[in-house]
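User: I'm in my first year and still learning to read structures like this one. Could you pick a single part and take me through it slowly?

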Amino acid sequence: MKEQRLNSSWVNSLLMLPALVLLAIVFAWPLLDSAWLSTQASSVLTGLTPLANGGANWQRLLGDARFWQDAAVTLRFAGVSVALELVLGLAMALLLHQPSRGRGWLRALTLLPWALPTTVLALGWRWIYNDPYGPLNAILRACGAAPFGFLTTPASTWLFTVLADVWKTTPFVALLLLAGLQSIPAELEESLVLEGASPGQILRRLTLPLLKPWISLALLFRLAQALGVFDLVQVLTRGGPAGSTESLALYAYLNAMRFLDFGYSATLVIATFLLLVLLTALGWLLLRRRALEPSR
Amino acid sequence: MKGLLLLWSLAPLAWQLYTSLVTPEALVSGSVGTSGSFWTLENYRQVWLADPPIWRYLLNSAVVGAATTALTLTLAVPCAYGLQRQGGRLRWLVTLALLATAIFPTVLLFLALLQLARALGLANNLLALSLPYTALCLPLAVLLLRAAFADLPPDLEDAARLEGMNLPRRLRHVLLPLLAPSLASTAILVFLFSWNEYPIALTWISRPELLTLPPAIARIAGSSLFTVPYGAFAAATVLGSLPLLLLVLIFQRSIVSGLTQGAIKG
């Protein structure tokens, strides 16, 4: 390769070094530090000075019902919201891909929920769900129905938190899938149309198989982000009612900032990280296996 | 279908705008109340004159955003160039690390970064906040810019070198001008991220006058969980969204193409 003779490998590495050092400080070091801290007692009781306490934090974690509930809440939240986002995101991407007048504007306006701050939007949703003055209840009233407490019972709060997350992040999935759609040569679709294939057949035989790498990318990215959900639940529900929307990240945050138990907070951080690695690795293996199989 | 999509995307935002512009009576009853008017700018006056005023948060967010964008591009350009010119196992390894860090959820870093901030005295410092922000933006920025470098004609740099240009001059006078569109879309995405980041700002900044917009909004929300000054909330959210709204609408082409091009090549 001609390109590689331009600079020595030394120069290239040197150019990458500053960025990689900063990445190591901000990503690798925190994980190592939290892993270490998870084996220490470090709370108000120790004056926030770390004292080795063996596996006590981890033992506590295994017997902590709140941890298991939060893990279940987080997994259910991630599974359901990511699945919905992929389906809706695909529909949105197909719509945004169609040539039409003002397509650029349509794309920009559709992207807005993704581009605006989550805390701002979460506050907005709290007002939309407000009982009895919010717009959703105004619509219910206009239809003659009784007002509904969207954020009152655990089940409905969980559901409407998922809805707010789907609204906010689907545009991002759509954007990634749109990139995939743009990479499919138009001639392929035209030739299928000439063969008399229906839109449904084109989607199944051409679009979806070729879109697979992008769907995988969107899935991995969204899964990792959803397992770390924090901003939305912290502002929209504060984890309530009865912990029904408390994510692992929120529990870790509360342990550090409210209960001032840094050792246990670190244990929760590492537990969440391990869960994340396990699930993304599993997802990656499954997707890769699928990709190796002959499509149809 | 397109109408439905627009309704789904914009109705919640439009409702915020409406809420911010009407009197409390009008909001609750839908009609002109005792105050005699339906529309009002009172909510905006209130948040504009609050202590600290909303423009303070906007300014703080803009400062962090600008510093983060500048620092990210400064570090990402050489890294992306080196990565693109580098062959073999190192390139594969670095790309893998960048992908892994790009999908990593930020919130899991807050605890250790908080300790770091306390140990180094970086808390309550807006410019210091842009250090972790830069690291969080670097993976995406490097991947996008590397794809852009890969797009340039391969003989171009060689020709410049044969004319006796050294590496800094080649970058500045030959390569970077051609990269301007990619640099612009990367900068916008970095600024967006920085404007929206919450968990680290929440834990690094405690002085009210230094808060960036997301924790400020969350604090307003938390301080009055059971009262309904929603008009003022809505005014704050509208003002907080406005800069990004303009950014997205003005640069929509560059954002969409930046992300999609990066995803295709990356």
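Analyst: Let's take a close look at one helix of chain B, α7, and then follow its surroundings outward.

One thing to keep in mind from the start: this is a predicted model. Helix α7 of chain B covers residues 126–151. So what is it part of? The largest nonpolar core has 156 residues, and the ones touching the most other members are A:L177, B:A76, B:L138 and B:V142. The largest share of this core, 15 residues, is supplied by α7(B).

Let's zoom in on B:V142, one of those well-connected members. Which residues does B:V142 contact once its neighbours within four places in sequence are left aside? From its own chain there are B:A76, B:C79, B:A80, B:L83 and B:L98, and from the other chain there is A:A19. Notice that B:A76 is also on the list of core residues that touch the most other members.

Now for the helices that pack against α7(B). Start with α5(B), residues 88–103: the two axes are 8 Å apart and make an angle of about 130 degrees. Angles from 65 to 115 degrees count as roughly perpendicular and those over 145 as roughly antiparallel, so α5(B) and α7(B) come out as oblique to each other. Their crossing is left-handed. On the α5(B) side, the contact uses B:L98, B:T101 and B:A102, while α7(B) brings B:P139, B:L140, B:V142 and B:L143. There's B:V142 again, and B:L98 is one of the residues it contacts. Sort the residues of this contact by class and you get six nonpolar, one polar and no charged.

The other partner is α9(B), residues 167–196, where the angle with α7(B) is about 155 degrees and the axes are 10 Å apart. An angle over 145 degrees is what counts as roughly antiparallel, which is why α7(B) and α9(B) get that description. This time the crossing is right-handed. From α7(B), the contact takes in B:Y133, B:L136, B:C137, B:L140, B:A141, B:L144, B:L145 and B:A148. Facing them from α9(B) are B:L179, B:S182, B:T186, B:L189, B:V190, B:F193 and B:S194. A handy bit of background: an α-helix has 3.6 residues a turn, so residues three or four places apart point the same way. By class, the contact between α7(B) and α9(B) has twelve nonpolar, three polar and no charged residues. B:L140 takes part here, and also in the contact with α5(B).

Next, step back one helix, to α6(B), which runs over residues 110–120. Is it mostly enclosed or open to the outside? Eight of its eleven residues are buried, so the rest of the structure largely encloses it. Those eight are B:F110, B:L111, B:A112, B:L113, B:L114, B:Q115, B:L116 and B:A117. Just after the helix comes B:G121, with a positive phi of about 65 degrees.

Part of what surrounds α6(B) belongs to the other chain. Helix α1 of chain A, residues 9–37, packs against α6(B) at an angle of about 95 degrees, with the axes 8 Å apart. That angle makes α1(A) and α6(B) roughly perpendicular. Chain A brings A:W29, A:P30, A:D33 and A:S34 to this contact, and chain B brings B:L111, B:A112 and B:L113. Here the classes are five nonpolar, one polar and one charged. Recall that B:L111, B:A112 and B:L113 are among the buried residues of α6(B).

How does this fit into the meeting of the two chains as a whole? In total, 74 residues of chain B are in contact with 75 residues of chain A. On the chain B side, those residues split into 53 nonpolar, 15 polar and six charged.

Finally, a word on the partner. Chain A has twelve helices and two strands, and its C-alpha atoms fill a box of roughly 75 × 75 × 35 Å along the principal axes. Of its 296 residues, 43% are buried.

To pull it together: α7(B) gives the largest share of the largest nonpolar core, packs obliquely against α5(B) and lies roughly antiparallel to α9(B). Through B:V142, the same helix also reaches A:A19 in the other chain.

Technical notes:
Residues numbered from 1 in each chain as written. Chains lettered and ligands numbered in written order. Predicted model: local features only at pLDDT ≥ 70, side-chain atom pairs only at ≥ 80, totals over all residues. Core = buried A, V, L, I, M, F, W, Y, C linked by C-beta atoms within 7 Å. Buried ≥ 20, exposed ≤ 12 C-beta atoms within 10 Å, placed from the backbone. Helix = DSSP H or I, 4+ residues; strand = E, 2+ residues; numbered from the N terminus. Contact = placed C-beta atoms within 7 Å. Nonpolar A, V, L, I, M, F, W, Y, C, P; charged D, E, K, R; others polar. Axes fitted to C-alpha atoms, helices over the stretch in contact; angles between N-to-C directions. Parallel < 35°, antiparallel > 145°, perpendicular 65-115°, else oblique. Left-handed = near helix turned anticlockwise from the far one by under 90°.
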